[in-house]
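User: I would like to learn how to read the features of a protein model one at a time. Could you take me through them, with the general idea first and then the case at hand?

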Amino acid sequence: MANQFLIKNTMAEMRALSATEVTELSNGTYNGVQLLGYYQVGDTPNPIVYFLSTTNDADNGGSIIATGGLKLIHQFSEAVDVTYFGAKGDDSTDDTLPIQAALDLGLGISFRKGKTYRIKSYNPNGAPYVTDHLTNAGGISIPSNSVVNGNGATLKAITANHNAYNIIRIVNKDNIIVTDLFLEGDSMTRTSTTGEWGYGIAIMGSRNITIENTHSKWMWGDGFNLQVLAPNSFPVPVLTSCENITINNCVCDSNKRQGLSIESGIDVKVLNSRFLNTDGIPPQSGIDVEPKNGEIPVERVIIENCTFSGNTNAGLFIHSKNNNIKDVKVSKCSFAKGYSGITTELSPSEVIVSDCTFASDLARALSIRGGANLMFTNNIMYSYVIINEEADGETVETKSITFANNKLNRGVSGNSRCRLLRVVNNEIQAPNSIALFINSTENEILNNKIYNADTAISKGNDANAMLVKGNIIKGVNIGISGKTNMNIFENTFVNIGVNLATASYGQCILLRLGTYNNQIANNTAYLSNVEIMELI
């Protein structure tokens, strides 16, 4: 029998070696043990061979097995199928420990297609009602330099009514890829109603992380969460942000708080993903960009080719308390079914939104509640744009906001405490309403086409310094209305008083102006049955 292998059908058989078999392995009668399956023959991808070892490392249930006073080792050389460590994927067994043991080899892991693995995502040694996120407990922890290939498998949180959990946690790690997984939280099965910190994937203070082709649903908090790592919760010397994070071709659906929270992040890319049906715990948004307690900045965020629909509050919510959100670019996205497509709040800066579509079933396409250097270009908006709504009772100011080359189908309302508003080269309509209501300071309305509205441009009493130049205004009841400080140059007025939808005449007023500090020059009118000016 020299140079032969002892054959065992299952791991249980290998752990129950007889005294004779132990002796024969020790004296070289057998070179090692060939294992044909873990729980039954053929339930692992292939048979594997274990050899005698003098390692001091502990039995881990997969690569190192202690039996009969011997240590047997199998040297895995590539990503490990978790079945080799005893993960069943039967939607019943707690598979947390065998999956973690496979991960701890540091070679990456793979799951079996169609299997459902139950994960103890909460802290089993903690009280049920903890606060905030978990860093050192809960779920499976992925080491640096790992690839986790789900192959379409499902990881499902075991319900325990804890208010904080992570199915997957990535804490102070580097160079990780997670792909092709379905993650299921416990919001459909739990009975507790407290907390908001149950996450599908929690990424804390980590770098060079990619999540792709992954679906996260029914989380008690967020589908995905990017979080700062603080010295008081983890052994890091300073506040540590997430850096270079990519989320690609993912779905976050029916989570309670957010699809994705970006509470920390430098160089974050969210691509080709869908954020759907967030409801239950505020802010209730598809993506919430909101640095935790203003402790650390969020900068250089790209959100591209994503879909937002059915989120109770905003598709994209951008909230900055201490001017700590900067350089957010949103492009080629669609927004539907919710309060707003995008909300900015307090003090984010350098936000650019381009080539996006905002559906008519939003209460607001945009709800601007503060910010600086905001630009919206080449978008189609079928619902209202509101500038400077109140932000949770706080007084806000928006400075330097530009709308350029958009189709604005329900108009724009710019309230007070907004400065430097530029509306340039847009196509604007607002059936039975005001296309542009401007009550802000230092405004420029240039080269727009405005039609199918009750009033094309209305300047509020708090507004000043408005330049209205080069616009084409057609088929409205009232062309331009305002009391003071209006400079109206080189505009073209066509069919004022004619409602384009009904071809009927309305009030037929070209200009409704006050008598103080208004300048009018070089305008052209193609009119009939119209009152050129009404003084107010």
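Analyst: What follows is a walk through confidence, strand pairing, burial, charge pairs and backbone angles in this predicted model.

User: What is the mean pLDDT of the protein, and where does pLDDT stay under 50?

Analyst: Confidence is best read before anything else, and here the mean pLDDT of the protein is 90, with 91% of its residues reaching 70 or more. Over residues 499-505, however, pLDDT stays under 50, and for that stretch the model has 15 contacts beyond four places in sequence.

User: How should I read strand pairing, and in which sense does strand 40 pair with strand 42?

Analyst: One asks for the sense of the pairing, the number of bridges and some residues that stand opposite each other. Strand 40 (residues 427-438) pairs with strand 37 (residues 407-408) in the parallel sense over 2 bridges, and the bridge partner of L408 in strand 40 is I428. Strand 38 (residues 412-414) also runs parallel to strand 40, to which 3 bridges join it, with S413 opposite F437. With strand 42 (residues 449-459), strand 40 pairs in the parallel sense over 8 bridges, and there I434 stands opposite T455.

User: Now burial: how many residues of helix 3 are buried, and what covers them?

Analyst: For a helix, one looks at which residues are buried and then at what lies over them. Helix 3 (residues 96-103) is mostly covered, since 7 of its 8 residues are buried, namely T96, P98, I99, Q100, A101, A102 and L103. Their cover includes strand 6 (80-81), strand 7 (90-94), strand 8 (109-110), strand 9 (116-119), strand 10 (140-141) and strand 11 (146-157).

User: For a single residue, is T343 buried or exposed, and what is T343 in contact with?

Analyst: T343, which lies in strand 29 (residues 338-346), has a relative accessible area of 0% and is therefore buried. Leaving aside neighbours within four places in sequence, T343 is in contact with A314, L316, F317, I318, S367 and R369.

User: And at the surface, which residues form a nonpolar patch?

Analyst: The patch consists of F5, I7 and F51, which together have about 250 Å² of accessible area. I7 is found in strand 1 (residues 4-8) and, at 43% relative accessibility, counts as partly exposed.

User: How many salt bridges does the structure hold, and which parts does the pair of K120 and D94 tie together?

Analyst: Side chains of opposite charge can pair when their charged atoms come close. The structure holds 19 salt bridges. In one of them the side chains of K120 and D94 meet, at 3.5 Å from N to O; K120 lies in the loop between strand 9 and strand 10 and D94 in strand 7, so the pair ties together parts that are 26 residues apart in sequence. K120 is partly exposed, with a relative accessible area of 28%, and D94 is likewise partly exposed, at 32%.

User: What of the salt bridge between D222 and R257: are its residues buried or exposed?

Analyst: In that salt bridge the closest N and O atoms of D222 and R257 are 2.7 Å apart. The pair links distant parts of the chain, 35 residues apart, with D222 in strand 17 (residues 222-227) and R257 in the loop between strand 19 (251-253) and strand 20 (258-262). D222 is buried, at 0% relative accessibility, and R257 is buried too, at 7%.

User: Which residues are linked in a network of salt bridges?

Analyst: The network links D91, R118, K156 and E184.

User: Last, the backbone: which peptide bond is cis, and what is phi of N145 and of N432?

Analyst: Most residues other than glycine have a negative phi, and most peptide bonds are trans. The peptide bond from P282 to P283 is cis, with omega near 10 degrees, and P283 lies in the loop between strand 22 (274-276) and strand 23 (285-289). N145 has a positive phi, near 60 degrees; this residue lies in the loop between strand 10 and strand 11 and, at 53% relative accessibility, counts as exposed. Phi of N432 is also positive and near 60 degrees, but N432 is found in strand 40, where, at 71% relative accessibility, N432 counts as exposed.

Key. Residues numbered from 1 in each chain as written. Predicted model: local features only at pLDDT ≥ 70, side-chain atom pairs only at ≥ 80, totals over all residues. Heavy atoms only, no water. Patch = residues over 30% accessible without salt bridge, like charges linked within 9 Å, V, L, I, M, F, W, Y side chains within 5 Å. Areas by Shrake-Rupley, 256 points an atom, 1.4 Å probe, with all protein chains shown as cover. Salt bridge = Lys/Arg side-chain N within 4 Å of Asp/Glu carboxyl O. Helix = DSSP H or I, 4+ residues; strand = E, 2+ residues; numbered from the N terminus. Buried < 20%, exposed > 50% of the residue type's maximum accessible area, 1.4 Å probe, protein only. Pairing = 2+ DSSP bridges. Contact = heavy atoms within 4.5 Å. pLDDT = per-residue confidence, 0-100.
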